[in-house]
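Colleague: I am new to reading models of this kind, and I would like a close look at a single part, followed outwards step by step. Please choose a place along the chain, and explain each term when it comes up.

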Amino acid sequence: MPGACTQPGIDRLVRILCSGRIRIGVRDHYPLFSTRSGETRQGYEIDIAQAVAGKLGVAVEFARVNAANRIPMIADDKVDLAIATMGHNTLRDGQVRFIRPHYYRSETIVVGPRDLGVADWKDIPGRTVCGTVGNGSNTELVSHDARLMLFDDAVSLPDRLDDQSCTLAAQDDSFFASYFTDPRFTGRYSAKFGFAQVPWGMAVNRNGSERLGRALDLMSQIFHRDGVFLASARANRIGTAFLEQQAAVWARPECNSDTGTTNPACILPALDATLKPTVFADSVTAFETWFASRTGIDVMLPMLKTAPAWSLFKDGIVNSLILVTGALVATLVFALGFGAALGSRSRLLRWPVRGLTVTLQSSPIVLTLVIAAAIIHAIFSYSSGVALGAAIVALGLANGSNAGQAISEAVLTLRAERTALPMGGLDLFSRALARSATQIVAFLINAAKGTPIASFIGAPELLSALHRHHDTFRAMLQINLTVLATAHAVSESIVRGVNAEVQRRNIPNTYTASGRRAAPGPRHITPLAVSRSL
């Protein structure tokens with residue numbers, strides 16, 4: 001073994017045994033399966049990780065992973081093994097090497113308010129469904145025309161249901177199991193339906209892990225046969241129906257052998273997550289091949305190969321066109337309104353609009369979008385149409401106010417020239433529009449250029465994050481103000497004490513004819529100045 005440790009390109013199993021430690025990627029907050037409190041970790045998957053390390057006779061070094069980075073962490077050799085609620089599907093088979101037999105199985109459930117009429121896929125199109133980045137069920141949701149709102153960690157989903165950022169949330173039934181033990185959560189939400197039963201697998205790198213993978217296959221087989229998985233599941237109060245079934249399977253003679261992990265009668269197949277291809281997918285592939293052979297440049301057009309990607313691509317184009325067109329129209333309409341109001345002879349109309357114009361001109365476009373998002377979030381339930389409308393209004397106001405000011409300045413200039421060119425009413429306004437046409441066009445172009453940043457308003461999870469950060473900042477500010485007030489009072493008390501002592505020493509010890517201490521005169525007083533603004 002010592003000689004093998006220094007050889008180049010050694011298998012990860014040899015490296016683990018040589019180093020005396022195995023790096024295992026686990027979740028930080030997945031109730032009942034993997035949770036962390038300080039340096040203490042617990043849960044079903046933590047028990048499995050420790051059992052694996054114990055079998056290998058090495059120490060375990062945990063690394064935090066989530067649904068988005070668990071596969072990259074394996075690929076980048078930052079962990080040797082991932083035990084992180086990862087469903088085994090055909091798409092992931094090409095990315096990592098899954099350990100079989102699988103250690104658990106779950107299905108994705110859609111959770112929402114009890115009074116919400118959702119019972120099947122037919123009720124999903126157009127609804128906002130919250131999920132996690134990297135979840136295998138996302139493709140299924142997209143294929144049924146759901147609008148996805150994705151988060152890094154599943155722990156955010158119940159909070160987003162509570163603040164109504166999400167109409168529905170889709171996640172493994174194993175995740176929601178602990179929440180449905182809470183009477184408050186159960187009273188407000190229910191599981192609408194489930195889909196995509198998927199087996200969970202430990203995973204290692206596809207390269208350089210042949211021996212490690214084989215050792216873990218046999219280990220997983222033994223854990224099923226000897227009830228290690230089942231005992232840990234019961235200890236952590238998770239569902240055991242699948243594990244009881246698997247314990248019986250791996251006790252059978254044909255499965256309880258060194259070839260059992262390759263026997264189709266014993267192991268479960270990966271969930272088929274192959275996306276439905278478009279009718280022209282073959283033509284797109286042929287074009288990519290032809291173009292690469294002619295130019296040597298690899299062109300990838302994945303948005304044209306699968307039905308969900310093609311649908312999203314088309315929706316994206318349509319929404320972009322609506323946003324650009326709407327921003328241009330809104331800018332022009334607001335420009336006419338602001339121009340007419342700012343050029344009005346009525347002060348009651350002109351001054352309020354001038355104040356609004358100054359406010360809009362001095363506000364960054366992002367701030368205008370945040371305010372627009374906050375207003376629509378408070379009034380309407382979130383939808384793509386509402387988000388587009390708010391973005392259009394925000395861009396129109398920001399650019400229309402500037403264009404309107406240009407129109408009003410043209411109106412004032414033309415009024416000053418009135419003696420040379422008599423005009424009024426619509427004739428005056430139309431001439432002002434002609435004179436300010438260059439500025440109007442410039443702000444129309446600016447509105448079109450500003451549409452990419454308006455995509456910010458289409459991500460309500462960012463708005464929720466802003467609310468959370470604002471609440472945190474407000475609490476910290478209150479603490480800081482309290483500390484400052486205390487420090488101010490203490491310092492002022494110290495200064496007053498020092499001043500009193502200085503004055504006492506300056507006062508002469510003299511007495512009046514009646515035997516009383518003489519009052520100090522002005523020349524004996526040397527006051528200290530204290531600034532209350534500090």
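**From one loop into the sheets**

Modeller: The part to begin with is proline 101, which has its place in the loop between strand S7 (97-98) and strand S8, where strands (E, at least two residues) and helices (H or I, at least four) are DSSP runs numbered from the N terminus. What you see is a predicted model, in which local features need pLDDT of at least 70 and side-chain atom pairs count only at pLDDT 80 or more, while totals for chains, interfaces and linings use all residues. Residues are numbered from 1 along each chain as its sequence is written, and side-chain values use heavy atoms, with hydrogens and water left out.

At proline 101 the point to notice is the peptide bond that leads into it from arginine 100, since this bond is cis, with an omega near 10°. Following the chain out of that loop brings you to strand S8, which covers residues 104-113 and pairs with strand S12 in the antiparallel sense over nine bridges; two strands count as paired if DSSP finds at least two bridges between them. One of the residues in this pairing is tyrosine 104, and its bridge partner in S12 is tryptophan 200.

Strands of a sheet pair through backbone hydrogen bonds, and they may do so in a parallel or an antiparallel way. Here S8 and S12 belong to an open sheet of five strands with mixed pairing, whose order is S10-S9-S11-S8-S12. Strand S10 (147-151) and strand S12 (189-200) stand at its edges, and because each has a single partner strand, one side of each is left without a neighbour in the sheet. On average, neighbouring strands of this sheet are turned by 25° against each other, direction ignored (axes are lines fitted to C-alpha atoms, for helices over the stretch in contact, and angles run from 0 to 180 degrees between N-to-C directions).

It helps to set beside this another open sheet, which is made of three strands in the order S2-S3-S4 with antiparallel pairing. Its edges are strand S2 (29-30) and strand S4 (40-42), each with a single partner strand, so one side of each is left without a neighbour in the sheet. S2 runs antiparallel to strand S3 (residues 34-37) and is joined to it by two bridges, and within this pairing tyrosine 30 stands opposite serine 34 in S3.

A backbone feature of another kind is found at aspartate 77, which is not a glycine and yet has a positive phi of about 60°. This aspartate 77 sits in the loop between helix H4 (70-75) and strand S6 (81-82).

Helices meet one another as well, and helix H2 (residues 12-19) packs with helix H9 (residues 210-225) at an angle of about 80°, with their axes 5 Å apart. H2 and H9 are therefore roughly perpendicular to each other, a description used for angles of 65 to 115 degrees. Where they meet, Arg12, Leu13, Val14 and Ile16 of H2 face Arg211, Leu212 and Ala215 of H9, contact meaning heavy atoms within 4.5 Å.

How values were computed
Angles under 35 degrees count as roughly parallel, over 145 as roughly antiparallel, 65 to 115 as roughly perpendicular and the rest as oblique.
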